[in-house]
Amino acid sequence: MKYSNYFIAIVISAFLCSCFSAKGLPIKEVKDKTILQTEVEEDIETEVEDSTESIEGEMELDVEIQDDVQTDYVTINPLLDHSTWDALLKKYVADNGDVDYKGFKNDIQKLNTYVTYLASQIPAESWSINEQLAYFINVYNANTIKLIADNYPTKRIKDINNPWIKNRLKIGDKDYSLADIENGILRKMNEPRIHFAINCASFSCPKLLNTAYTADNVQDLMERATIEFINNSNKNKLTTNAPKISEIFKWYKSDFTENGSVIDYINRYATIKISADTKIHYIDYNWNLNEQN
């Protein structure tokens, strides 16, 4: 019995550490890491827990073992065409990240065409890390914009019924929620900067860039998005001894603390450094729509 339990523990541990999403899509890790711990509060906590239960219920589907999970950063010939999304972003998203949702609603046919295109592009093990990161970031952002456009006018994304846990998008013939993409796929790629690349259509979110992510630019754009968010005084009030920071760093704390504290992570990008022993305070999240005036 002792050895049987030990064997079961090994099998479970190996399964949880596999680099595949809950619904069977092959994903690549940027660096070694075991399973993630979701630390989301209030309504987000409820929705993530619900989506996690759904994810765990499907974990037996299409799971395989993938070995090539190390640094695969170079993409010579990008597989996907994100030019339609790039054109829409440049047309309807301001440099500060504010979004013209009315414009997107009026141009919904082009947005739907791009979302349908993404659904037809099923990720494969041959895709590079950069190809996968760009794809899933664009899937999340484009479908979030579509969610708002389909329900526009609305004041907040949270006014929409189950905005994150309801299955609203497809990849191939499988249905996914936004929480599936974020928690079941992107977070398992062990790249904390994705939190500053994906946008939840709200004022306190990291801004939506008006450039589409591609395999060629995803590393640079994630770095840019992280630096801009952390040093944006509307999102974080950085001081040496009395910082007030975004609740993103509380909800997803485990993503930022693998190699140190939350303060350590912020200080990697901050122009104003926070003292290591300072108590952190959090800014209440503003869920009002990040809409152009």
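Select Asn162 first. At 33% relative accessibility, Asn162 counts as partly exposed, because the buried class ends under 20% and the exposed class starts over 50%. The model is a predicted one. Check the backbone here: phi of Asn162 is positive, about 45°, although the residue is not a glycine. Asn162 sits in the loop between α6 and β1.

Stay in that loop and select Pro153, which also lies between α6 and β1 (169–171). Show the peptide bond to Tyr152. The bond joining Tyr152 and Pro153 is cis, with omega about 5°.

Now jump to Ala201. Its place is the loop between α7 and α8 (218–230). Ala201 has a positive phi too, about 65°, and is not a glycine. Is Ala201 buried or exposed? Its relative accessibility is 0%, so Ala201 counts as buried.

**The α6 and α7 pair**

Select residues 129–150 for helix α6 and 178–186 for helix α7. Draw both axes. They lie 10 Å apart, and the helices pack at an angle of about 160°. That angle makes α6 roughly antiparallel to α7, because the antiparallel label applies over 145 degrees. The crossing of α6 and α7 is left-handed.

Turn on side chains at the contact. Which residues of α7 are met by α6? They are Leu178, Ile181, Glu182, Ile185 and Leu186. From α6, the residues that meet them are Leu133, Phe136, Ile137, Val139, Tyr140, Asn143, Thr144 and Leu147. Color the contact by class. You get ten nonpolar residues, two polar and one charged.

**The α5 and α6 pair**

Keep α6 and add helix α5, residues 108–120. The axes of α5 and α6 come within 10 Å and cross at roughly 145°. Here α5 passes α6 in a left-handed crossing.

Pick out the α5 side: Ile108, Leu111, Asn112, Tyr114, Val115 and Leu118. Then take the α6 side. Tyr135, Asn138, Val139, Ala142, Asn143, Ile145, Lys146, Ala149 and Asp150 meet those α5 residues. By class, the contact of α5 with α6 holds ten nonpolar, three polar and two charged residues.

Leave Val139 and Asn143 highlighted for a moment. Both are among the α6 residues that meet α5, and both are also among those that meet α7.

**Toward the end of the chain**

Select Ile280. Where is Ile280? It lies in the loop between α11 (262–267) and β4 (281–283). Add Ala242 and set a C-alpha to C-alpha distance. The two residues are 38 apart in sequence, and the distance in space is 7.3 Å.

Next, show what Ile280 touches. Beyond residues up to four places away in sequence, the partners are Pro243, Ile245, Val262 and Ile263.

**Zoom out**

Show the whole chain as a cartoon. How many helices and strands does the chain have? There are eleven helices and four strands.

Color by burial. Of the 293 residues in the chain, 50% are buried. Switch to the surface. The accessible surface comes to about 14,000 Å², and carbon and sulfur atoms account for 50% of that.

End with a contact map. Take contacts between residues at least 6 apart in sequence. Of these, 75% join residues at least 24 apart. For one pair to locate on the map, try Ile280 and Pro243, which touch.

Conventions: Residues numbered from 1 in each chain as written. Predicted model: local features only at pLDDT ≥ 70, side-chain atom pairs only at ≥ 80, totals over all residues. Heavy atoms only, no water. Axes fitted to C-alpha atoms, helices over the stretch in contact; angles between N-to-C directions. Helix = DSSP H or I, 4+ residues; strand = E, 2+ residues; numbered from the N terminus. Parallel < 35°, antiparallel > 145°, perpendicular 65-115°, else oblique. Left-handed = near helix turned anticlockwise from the far one by under 90°. Contact = heavy atoms within 4.5 Å. Nonpolar A, V, L, I, M, F, W, Y, C, P; charged D, E, K, R; others polar. Buried < 20%, exposed > 50% of the residue type's maximum accessible area, 1.4 Å probe, protein only. Areas by Shrake-Rupley, 256 points an atom, 1.4 Å probe, with all protein chains shown as cover.
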